[in-house]
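Trainee: I am new to this structure and would like a close look at one part of it. Could you pick a single residue, tell me about its setting, and then work outwards from there?

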Amino acid sequence: MRKIVGVHGVGNLRPKETAEEARRNLADVWHRNLKRGRAKDAPDEFAVSMAYYADLLVPSGAQGATLGGSLDALPEDAEQMVRDWLLELGLPAEQSQGPGTWPIRQALGWLAERRRIGPKLTEAFVARFFGEVAAYLRPGTAREDARSEVARVIREQRPEVLIAHSLGSVVAYEALWHEPRPEVPLLITLGSPLALPHAVFPRLQPSPGTETGTGGRPPGVRRWVNIADPGDLVALPVRGVSRRFERVDSDLHDVVDAFDFHRAANYLACSRLATVLKETGPLS
């Protein structure tokens, strides 16, 4: 039976569950969605375990809403990440005049109309995503605690495949450099913001090479496959992972969902991932 470890992305804080319950319940969700995609090709058997870190990003004594609040509640560092991201999309929020986050909301309104997405859903996604990214990347113990937990699960489970989605790909990438470095035959990143300029890429640990300007494949990883929907708003720039990181074996871009293009369930059930897992064969 093939062993898979998943590393979740944003929006997975489960404050009413213990960490063990959250790991178990998320593993069940991921297993169902992976099976939904693999069923098309008569899948082999696989077992899914999860590395759960969302609870480690919440400051002691704070409410869970701090990881997914509104635009108005974003800390200064997260708000700046949003502005940098909008600039990357060609929608500079600084050009619009207005109080508070109004320039950001105006730019997001343009983006929502262009992509035919609901403006409220767009705002909610942006606030949640960059709120959690900032919570992980800012100075403090949360970053070390989260990547240590992910590294621990990888070492204990010794998976044949590590699948990391969204912010989880950033945590997993750093965890795979964590001493002692875990061994992983196949790393699959889904909807990854690893190459996102300003917000993520230059802040990675270890830092991208100053001479080459590129990051490296973690030494314990034998093969690295990245999958992204070309419409995914945070998996930027397109094919940025293979351009910014050395020894990425495949950087695959295909439509995962016409509208909900960052959702983990859609990535896990997509045909691209099913094909990669089918073609890889036994890894043990």
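**A close look at Pro208 and its surroundings**

Mentor: Let's begin with Pro208, which counts as buried at a relative accessibility of 15%; buried means under 20% relative accessible area, exposed means over 50%, and partly exposed lies in between, using a 1.4 Å probe and protein chains only. A word on the basis first: this is a predicted model in which local features need pLDDT of at least 70 and side-chain atom pairs count only at pLDDT 80 or more, while totals for chains, interfaces and linings use all residues. Residues are numbered from 1 along each chain as its sequence is written, and side-chain values use heavy atoms, with hydrogens and water left out.

Pro208 sits in the loop between strand 4 and strand 5. Helices (H or I, at least four residues) and strands (E, at least two) are DSSP runs numbered from the N terminus. Leaving aside residues up to four places away in sequence, Pro208 touches Phe201, Thr214 and Gly215, where contact means heavy atoms within 4.5 Å. Another pairing links distant parts of the sequence: Pro208 and Phe245 are 37 residues apart along the chain, and their C-alpha atoms are separated by 8.5 Å.

Now follow the loop that holds Pro208. Strand 4 covers 184-190 and strand 5 covers 221-228, and Pro206 is found in the loop between them. A cis peptide bond joins Gln205 and Pro206, with omega about 0°. His198 belongs to the loop between strand 4 and strand 5 too, and His198 is partly exposed, with a relative accessible area of 43%. Not counting residues up to four places away in sequence, His198 touches Asp84 and Arg203. Although His198 and Asp84 lie 114 residues apart along the chain, their C-alpha atoms are separated by 6.6 Å.

Asp84 offers a bridge to helix 2, which spans residues 76-88 and packs against helix 4 at an angle of about 120°, with the axes 9 Å apart. Two packed helices are described by the angle between their axes and the distance between the axes. Here the axes are lines fitted to C-alpha atoms, for helices over the stretch in contact, and angles run from 0 to 180 degrees between N-to-C directions. Helix 2 and helix 4 are therefore oblique to each other: angles under 35 degrees count as roughly parallel, over 145 as roughly antiparallel, 65 to 115 as roughly perpendicular, and the rest as oblique. The crossing of helix 2 with helix 4 is right-handed; a crossing is left-handed if the near helix is turned anticlockwise from the far one by less than a right angle, and right-handed if clockwise. Helix 2 brings Asp77, Ala78, Met81, Val82 and Trp85 to the contact, and helix 4 brings Val126, Phe130, Gly131, Val133, Ala134 and Leu137. By class, the contact of helix 2 with helix 4 has 9 nonpolar residues, 1 polar and 1 charged. In this scheme Ala, Val, Leu, Ile, Met, Phe, Trp, Tyr, Cys and Pro count as nonpolar, Asp, Glu, Lys and Arg as charged, and the others, Gly among them, as polar.

Helix 4 (residues 119-137) also meets helix 6 (residues 167-175): their axes come within 10 Å and cross at roughly 15°. That makes helix 4 roughly parallel to helix 6, and their crossing is right-handed. Glu132, Val133 and Tyr136 of helix 4 make this contact with Leu167, Val170, Val171 and Glu174 of helix 6. The residues there divide into 5 nonpolar, no polar and 2 charged.

In the loop between strand 3 (161-165) and helix 6 you will find Ser166. Ser166 has a positive phi of about 60° although it is not a glycine, and Ser166 is buried, with a relative accessible area of 0%. Its contacts, not counting residues up to four places away in sequence, include Phe129, Leu190 and His262.

One more loop rounds off the tour: Pro237 lies between strand 5 and helix 7 (240-244), and a cis peptide bond with omega about -10° joins Leu236 and Pro237. Arg239 is in the loop between strand 5 and helix 7 as well. Phi of Arg239 is near 60°, a positive value in a residue other than glycine, and Arg239 counts as partly exposed at 39% relative accessibility.

Stepping back, the protein chain has 9 helices and 6 strands, and 54% of its 284 residues count as buried.
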